[in-house]
Structures are given as structure tokens and as C-alpha cells.
Amino acid sequence: MAQVIIGENEGIESGLRRFKRKVSQAGIFPDMKKNRHFETPLEKRKRKAIANSKQGKRRSRR
């Protein structure tokens, strides 16, 4: 959980900016997007197979 404590002389905008930076560094957004919709086991296998094939193509280019 990302948490930011705003100081007495700090503006809300700068605190919000620091919070967004912490959230992005923690990797919360990609995890939220991944868990947004239910994925059936068949869809999950297809997605992983496509990712593996893309990764194999990248390796063969080098």
C-alpha cells in the first residue's frame, strides 16, 4: 500500500504528485489492469502462449 504524509508547508498538488509516483513505482496500476476482468483458464493459456511466442521471436532476432 502506497502512503504519503503531507507536511505542514506542502501543497496538496505536490503531495498528490508524490503519491502517484509511489503508486507507479510499486507497480499497482499494471496489477489493477490485470485483475480488472475475470479471465478463464483457456483465455489465460492463450495469452501466455502468445506472450511466449513473442518472446521467442525477440530472442531469435538477437
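This report describes the fold, surface, charges and selected residues of a predicted model of a protein chain.

**Overall architecture**

The protein chain contains three helices and zero strands, and its elements follow the pattern α-α-α when read along the sequence. The radius of gyration of the protein chain is 19 Å, well over the 11 Å that the globule rule gives for 62 residues, so the chain is more spread out than a compact globule. Taken along the principal axes, the box filled by the C-alpha atoms has dimensions of roughly 55 × 35 × 15 Å.

Of the 62 residues in the protein chain, 6% are buried. The area exposed by the protein chain is about 6200 Å², and carbon and sulfur atoms supply 53% of this area.

**Helix H1 and its end**

Helix H1 covers residues 12-26. With 15 residues, H1 reaches 21 Å from its first C-alpha to its last, which is close to the 21 Å expected at 1.5 Å a residue. Just after H1, Gly-27 adopts a positive phi of about 75°.

Two residues of this helix may be considered in turn. Glu-13 is located in H1. The relative accessible area of Glu-13 is 55%, and the residue is exposed because this value is over 50%. Lys-22 also has its place in helix H1. Its relative accessible area is 42%, so Lys-22 falls between the limits of 20% and 50% and is classed as partly exposed.

**Charged side chains and salt bridges**

The protein chain carries 19 positive and 6 negative side chains. The centres of these two sets lie 15 Å apart.

How many salt bridges does a search of the whole structure find? The search finds two. One joins the side chains of Glu-10 and Arg-18, with an N to O distance of 3.0 Å. The other joins the side chains of Arg-47 and Glu-39, at 2.9 Å from N to O.

The partners in these pairs can also be described by their accessibility. In the first-named pair, Glu-10 is partly exposed at 25% relative accessibility, and Arg-18 is likewise partly exposed, at 29%. In the pair of Arg-47 and Glu-39, Arg-47 has a relative accessible area of 40% and is partly exposed, while Glu-39 is partly exposed with a value of 26%.

**Helix H3 and separations along the chain**

Helix H3 spans residues 41-61, and Leu-42 lies within this helix. At 47% relative accessibility, Leu-42 counts as partly exposed.

The table sets sequence separation beside spatial separation for three residue pairs.

| Residue pair | Separation along the chain | C-alpha to C-alpha distance |
|---|---|---|
| Glu-13 and Lys-57 | 44 residues | 44 Å |
| Lys-22 and Met-1 | 21 residues | 9.4 Å |
| Leu-42 and Asn-9 | 33 residues | 53 Å |

For Lys-22 in helix H1, the C-alpha atom is 9.4 Å from that of Met-1, with their positions 21 residues apart along the chain. For Leu-42 in helix H3, the C-alpha atom is 53 Å from that of Asn-9, at a sequence separation of 33 residues. The C-alpha atoms of Glu-13 and Lys-57 are separated by 44 Å, and these residues are 44 residues apart along the chain.

Key: Residues numbered from 1 in each chain as written. Predicted model: local features only at pLDDT ≥ 70, side-chain atom pairs only at ≥ 80, totals over all residues. Heavy atoms only, no water. Helix = DSSP H or I, 4+ residues; strand = E, 2+ residues; numbered from the N terminus. Buried < 20%, exposed > 50% of the residue type's maximum accessible area, 1.4 Å probe, protein only. Salt bridge = Lys/Arg side-chain N within 4 Å of Asp/Glu carboxyl O. Expected span 1.5 Å × (residues − 1). Rg over C-alpha atoms; globule rule 2.2 N^0.38 Å. Areas by Shrake-Rupley, 256 points an atom, 1.4 Å probe, with all protein chains shown as cover. Lys, Arg positive; Asp, Glu negative; His and termini not counted. Charge placed at Lys NZ, Arg CZ, Asp CG, Glu CD.
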